[in-house]
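Hi,

Here is the structure I promised to pass on to you. Have a look at it first, and then read on for what turned up.

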Amino acid sequence: MPYDALLLVSFGGPEKQEDVVPFLENVTAGRGIPRERLEEVGEHYRLFGGRSPINDLNRDLLASIRADLAEAGIDLPVYWGNRNWDPYLTEAVQQMADDGITRAACFVTSAYSSWSSCRQYRENLFDAVAEVPGAPALDKLRHYYNHPGFVAPVVDAVRTALAELPAGSHLAFVTHSIPDAMAATAGPQGGAYVAQHRSVAEEVACQVGDPAFELVYCSRSGPPQVPWLEPDVNDHLEALSAAGVPGVAVVPIGFVSDHMEVVYDLDTEAAETAERLGLPFRRVATSGTDPRFVAMVRELLVERAAVERGQSVDRPVVGALPPSWDRCAAHCCPNPKGERPALCQEPA
Ligand SMILES: CC1=C(CCC(=O)O)c2cc3nc(cc4[nH]c(cc5[nH]c(cc1n2)c(C)c5CCC(=O)O)c(CCC(=O)O)c4C)C(CCC(=O)O)=C3C
Ligand SMILES: [Fe+2]
């Protein structure tokens with residue numbers, strides 16, 4: 001095992017009302033998000049007592065990963081650090097350095113390519129390592145959007161939802177909207193964010209018996225004059241209702257657990273839209289701590305460890321796209337605000 005630790009890398013979220021504003025300031029520093037949008041998102045957090053579900057979900061995931069590794073006989077400490085809130089990545093990297101960790105594999109709670117969902121985390125890892133003398137080397141585990149451990153729980157959850165809806169109901173696969181310009185430059189050849197989501201949507205739809213489906217977006221931000229990926233999930237529900245579609249299962253494939261985008265944007269806002277339209281609606285479960293998803297983390301770790309030992313590996317994958325690369329291309333997913341150093345990539 002070339003690694004002496006695993007690092008769980010996530011977004012972070014506020015845990016009390018006083019955290020909300022500083023958290024939003026961390027997320028949006030220098031990003032040009034209009035004040036009205038920030039106030040609106042602050043209200044979403046306030047509605048839940050200022051406590052995002054995301055940190056507790058990561059605590060559950062951490063416990064599940066530790067139990068799974070122990071059961072598999074892999075004796076490896078697991079650390080956790082966030083981009084935007086306590087526990088921060090810098091603290092996690094400092095703790096690893098203090099514990100004598102020299103090389104860690106990183107599992108990021110974001111499955112797809114784009115600046116927001118991949119490179120920004122790698123920039124944050126660079127910054128954390130730069131601040132900590134004696135920091136361990138870090139390797140990011142490959143994208144897993146098309147790993148069977150991510151897709152299989154979604155397939156089961158879609159079947160459950162469809163069984164509760166009228167025959168002929170549609171699937172609406174949902175992910176976080178990003179600016180069109182960011183989507184255009186995602187991945188080594190551009191367009192990867194949308195292409196990867198499409199491949200998951202097609203594969204899941206195929207496995208559940210080919211219902212009609214669309215890929216739609218939630219949580220649009222930014223100034224109104226900047227185009228972001230569309231259609232918005234709420235507009236899509238209006239269109240389905242107008243077309244006389246008998247029901248919809250909303251499938252949050254862009255997210256690995258029920259954090260704020262899911263519990264507010266889908267379970268609260270989109271559910272209200274469907275209710276107003278009289279459109280039968282089910283929100284499909286996310287991977288969360290499904291044992292297959294948790295086992296996937298270990299499988300990715302074992303796979304990468306073999307690669308680093310120079311062995312050839314079998315890379316399980318479902319759908320039309322090939323397994324992802326281990327190291328990102330130097331030029332992929334550029335930062336819209338200009339180049340910043342990042343870890344876990346090929347030399348330029
Ligand atoms: C692609 C993507 C993912 C999925 C991949 C991944 O998981 O990383 C994601 C996840 C998340 N986004 C989250 C929260 C927020 N994202 C914001 C803003 C933004 N997100 C963006 C993209 C993404 N975001 C973008 C392009 C912006 C505009 C600002 C910028 O250009 O950087 C803002 C500011 C307010 C607003 O503008 O909405 C907040 C509060 C939380 C935590 C939820 C919780 O607390 O449970 C999570 C998991
Ligand atoms: Fe976001």
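Let me begin with the ligand: which helix gives the largest share of the shell around ligand 1? That is helix 1, with three residues. Please keep in mind that this is a predicted model.

**Around the ligand**

Helix 1 (17–28) has company, as helix 2 (35–47), helix 5 and helix 10 also supply at least two residues each to the shell. Of the 26 residues around ligand 1, those that come nearest are Gly 13, Ser 52, Ser 221, His 259 and Met 260. Sorted by class, the shell holds 14 polar, nine nonpolar and three charged residues. Where does ligand 1 lie with respect to the two domains? It lies between them, because domain 1 (5–144 + 289–308) and domain 2 (148–283) both give residues to its shell.

**The sheet with strands 1 to 4**

Here four strands make an open sheet in the order 2-1-3-4, and the pairing is parallel. The edges are taken by strand 2 (78–82) and strand 4 (137–140); each has a single partner strand, so one side of each is left without a neighbour in the sheet. On average, neighbouring strands are turned by 30° against each other, direction ignored. Four bridges pair strand 3 (residues 103–108) with strand 4 in the parallel sense, and Ala 105 has Asp 139 in strand 4 as its bridge partner. Helix 5 (residues 115–131) packs on this sheet and touches strand 1 (5–10), strand 2, strand 3 and strand 4, with its direction at about 170° to that of strand 4. Helix 11 (residues 291–308) lies across strand 1, strand 3 and strand 4, and runs at about 140° to strand 3.

**The sheet with strands 5 to 8**

This open sheet also has four strands, in the order 6-5-7-8, with parallel pairing. Strand 6 (213–218) and strand 8 (281–283) stand at its edges with a single partner strand each, so one side of each has no neighbour in the sheet. From one strand to the next, the twist averages 25°. Strand 7 (residues 248–251) runs parallel to strand 8 and is joined to it by three bridges; Val 248 stands opposite Phe 281 in strand 8. Helix 8 (residues 192–207) lies across strand 5 (170–176), strand 6 and strand 7, at about 135° to strand 6. Helix 10 (residues 260–277) packs on the sheet too, touching strand 5, strand 6, strand 7 and strand 8, and its direction makes about 175° with that of strand 8.

Enjoy exploring it!

Best wishes

Definitions and conventions. Residues numbered from 1 in each chain as written. Chains lettered and ligands numbered in written order. Predicted model: local features only at pLDDT ≥ 70, side-chain atom pairs only at ≥ 80, totals over all residues. Pairing = 2+ DSSP bridges. Axes fitted to C-alpha atoms, helices over the stretch in contact; angles between N-to-C directions. Contact = placed C-beta atoms within 7 Å. Near = placed C-beta within 6 Å. Nonpolar A, V, L, I, M, F, W, Y, C, P; charged D, E, K, R; others polar. Domains from an automatic or database assignment.
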